[in-house]
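Let's take a walk through this one together, a piece at a time. Have the sequence open beside the 3D view and follow along.

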Amino acid sequence: MTEHFNVYDKNRQIVGHLVSAYEVTRLRRINSEDALTFLVPMASDDYRDKIQVKGHVMDERGQYYVINSRKRIRDGLKLTAQISCQHVMFKLGDIRMPYASYIDEAYGIPISTLLDKIAGASNGLFSFVIEDSFDLFDVKNWGNGTALQALNDTVNLYGVEIEPDNFVIHVRKKIGDANSALQYRIGKNIVSSDYQDDGTALVTRLYATMKDGRTWIGQPASILTADEQARLLAANPGAIVGGLLTVNYLISQYAPVWASTGLPYLDGEITEQNITEPAELLTKARAALAKMEQPVLEMTLQQADLYKLDESEPRPDLGDTVTCVDPDLELDHVTARIIELTEYPYSRDRHAQITIVNVMRKDGAQIAADLNRAKQIINDVTSGGRIRAAAFEEFARLAVTDVNASKTEIKYDTRGIILQSKADANDLVALTSNGIIVSTDGGATARTAITAAGVAAEQVIGQFGNFVSMLIGSGNNVVQINPNGIAAGHATFESAPFRAYMNGHIVARDIELTGRIDNSEMYSSVINAGTINGATINGGSINAGTDINVTRNARIGDTLFMGLAGAVNDRRIEFVDPSIYEAYVEFTAAISQLKIRSGNDLRIDAGLDLFLKGDRIILQPGSGGAYIGSVTPGNRIVVGSEIDYVNLRLDNLGTSLLLLAGRVAALESA
């Protein structure tokens, strides 16, 4: 190590210099990783006193890196710590975008609007400098994560490259020096290298679609350049009719180079679901075709850092366009961009490893092109992972093979996209612009259909869940299920004649029940016929078209009312006896008379006094006479007829006494 670098605390206040650090390695990739690692003895003051998690170090370029982890390593008696750091730009991952900054959908948005929202979320900690001009784009579902995710979405949407300078992030179409004087030559500064060119994903005719399957078909042909129109007409004279486009593809200028017998074009397709304007789709299609119309070159160099020995030698930097010369590897002044750089900034005896990428032609003519990250490195701002081109291309090759193998099931015709069963061609699913149709007769009729009007199906099998509400019917003839409960018979829940609430309360205007009702109370109810066993009826009416039979005792707590209020009718309580004698209590409404009838004896038994009150108390004798008391004459209260008889006898007795007295007087005189 030839120099030391500084270490700072979490507030970027200097703590000291790292004098014991070694094997300092910095890895940078375009729009991706920017990490610094180094080793330090655990017994050193650097480790014990200076290095703190979430502290900072500063490299020779003046860039801050956040200390994220400390890995302890034992090698015998040697104890070493490996320190891993990331550029301070990645602190954006610790900042959540505010809800107010979220964009659900917006059209024609400049990149500055999104970058200002990110800077605002950091409370001014980060700022952005836009170095180039960029087209406006439609933005959808942006800003619902961290500020780092928002930056990554912005980078992908506008196709920019970023270059951080601590907390100031520069935004450019391309970073690096496109006119760098740096050359890599065998025999000068190339130590070792590997180089491949890959035509697996070559495309010379590119189809393009946007949101909802729309294309630029029907648009004026003037949206294409003259060369693009000429290539279309050469390939298909019907591609432009009446000044309007009838196809949704572009033809590469290199199509003749890669054409072969029976295969004039190598087809590809892009789908941009976030685009709704044909002009934007055309821009995307042109850029995509420029990346795919040539084989991809990738080269990894182990080169000599001559600038460490001679300051006049150019120093490689990320994004620089360099020239490679190695005739034995078929590199004859091939230009390429540095997209990955592994550096050892403090070691003179270790040299940078460089990955360069370009698009080239086998005949030696080169085309400068953007880095095709989809084919080379899938690694954006939010990820440190990496997929090498060979692995990704193998995956892409297998995916293309699978898609081609499925073409016996997937067809495109005037109806739309047809998914047809291999076992029975009549079984198919049709995806159209109006909806989805499932048919079992080759598409003649739909067994099931999903359109904007709704879902039509013979039956729905399975479980419905997580619905806010469900409505069946129309007008007031509806059944509804919502957070209130279940209701039927009215569009307004509270007005429905049938309602079942979430707490178990049920309102029903007309109900027929069979079976049992247990542990229940009935209030203000009318029960017609039926059998009630072991129930409590409070304040209700029982109406029966036939007899109501109470087979056991009936208990009445307060008052037993006979008849209805305001009604004029006779009432009767009858005591059923299998003998010929009858007994009843009868009320005759016409004369307001209550009659108690006993088939035999009528007994009123009072434990103490018996009170009878009335204007007159009349005992009407029957065939056996009328009396009160015992049937024995000496122990009863006689009635009027008996008193009259007694009075008659007394009168007769008086007369007899008078006669007797006369006779006594006569005897005395004699």
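Before we start, one term: two strands count as paired here if DSSP finds at least two bridges between them. Keep in mind too that this is a predicted model.

With that in hand, go to strands β6 and β7. They run antiparallel and are joined by 10 bridges. If you want a single pair to click on, take Lys 71, whose bridge partner in β7 is Gln 82. The two strands form a hairpin with two residues between them, and in that hairpin Gly 76 has a positive phi near 70°. Strand β7 (residues 78-87) also pairs with strand β4 (residues 34-41), again in the antiparallel sense, this time over seven bridges. In that pairing, Phe 38 stands opposite Ile 83. As a general reminder, strands of a sheet pair through backbone hydrogen bonds, either parallel or antiparallel.

Stay on β7 a moment longer, since His 87 is found in this strand. Is His 87 buried or exposed? His 87 has a relative accessible area of 1%, and buried means under 20%, so this histidine counts as buried. Leaving aside residues up to four places away in sequence, His 87 touches Asp 34, Gln 63, Tyr 64, Tyr 65, Pro 164 and Asn 166.

Now for a pair of helices. Helix α2 (residues 111-121) and helix α3 (residues 147-158) pack with their axes 10 Å apart, at an angle of about 170°. That angle makes α2 roughly antiparallel to α3. Which residues do the touching? On the α2 side they are Ile 111, Leu 114, Leu 115 and Ile 118, and these meet Ala 147, Ala 150, Leu 151, Thr 154 and Tyr 158 of α3. Sorted by class, this contact has eight nonpolar residues, one polar residue and no charged ones.

These helices also lead us into the largest nonpolar core, which has 37 residues. Leu 92, Ile 118, Leu 151 and Tyr 158 touch the most other members of this core. The elements that give it two or more residues are β6 (64-75), β8 (103-109), α2, β10 (137-142), α3 and β12 (168-172). Helix α3 gives the most, with seven residues. For a closer look, pick Ile 118: not counting residues up to four places away in sequence, Ile 118 touches Leu 92, Met 97, Phe 128, Trp 142, Ala 147, Ala 150, Leu 151 and Thr 154. There is also a second, separate core of 25 residues, with Leu 232, Leu 250, Ala 255 and Leu 282 among them. In general terms, nonpolar side chains tend to be buried together in soluble globular proteins.

Leu 250 from that second core turns up again if you move to strand β15 (residues 205-210): Leu 250, in β18, is the bridge partner of Leu 206. Strand β15 is mostly covered, with five of its six residues buried. What does β15 pair with? Three bridges join β15 to strand β18 (residues 249-251), and those two run antiparallel. Six bridges join β15 to strand β19 (residues 267-272), and here the strands run parallel. Over in β19, the bridge partner of Met 210 is Glu 272.

Further along the chain, look for an open sheet of five strands, in the order β31-β32-β33-β34-β35, with antiparallel pairing. Strands β31 (470-474) and β35 (506-508) stand at the edges with a single partner strand each, so one side of each is left without a neighbour in the sheet. The twist averages 5° from one strand to the next. Strand β31 runs antiparallel to strand β32 (residues 477-482), and five bridges join the two. One of the residue pairs to look up is Leu 471 with its bridge partner in β32, Gln 480.

Our last stop is another open sheet, this one of three strands in the order β40-β41-β42, with antiparallel pairing. The edge strands here are β40 (571-575) and β42 (593-597), each of which pairs on one side only. Neighbouring strands are turned by 5° against each other on average, direction ignored. Strand β41 (residues 583-588) pairs with β42 over five bridges in the antiparallel sense, and Phe 587 stands opposite Leu 594 in β42.

Notes:
Residues are numbered from 1 along each chain as its sequence is written. This is a predicted model: local features need pLDDT of at least 70, side-chain atom pairs count only at pLDDT 80 or more; totals for chains, interfaces and linings use all residues. Side-chain values use heavy atoms; hydrogens and water are left out. Helices (H or I, at least four residues) and strands (E, at least two) are DSSP runs, numbered from the N terminus. Axes are lines fitted to C-alpha atoms, for helices over the stretch in contact, and angles run from 0 to 180 degrees between N-to-C directions. Angles under 35 degrees count as roughly parallel, over 145 as roughly antiparallel, 65 to 115 as roughly perpendicular and the rest as oblique. Contact means heavy atoms within 4.5 Å. Ala, Val, Leu, Ile, Met, Phe, Trp, Tyr, Cys and Pro count as nonpolar, Asp, Glu, Lys and Arg as charged, and the others, Gly among them, as polar. A nonpolar core is a set of buried Ala, Val, Leu, Ile, Met, Phe, Trp, Tyr and Cys residues joined through side-chain atoms within 4.5 Å. Buried means under 20% relative accessible area, exposed over 50%, partly exposed in between (1.4 Å probe, protein chains only).
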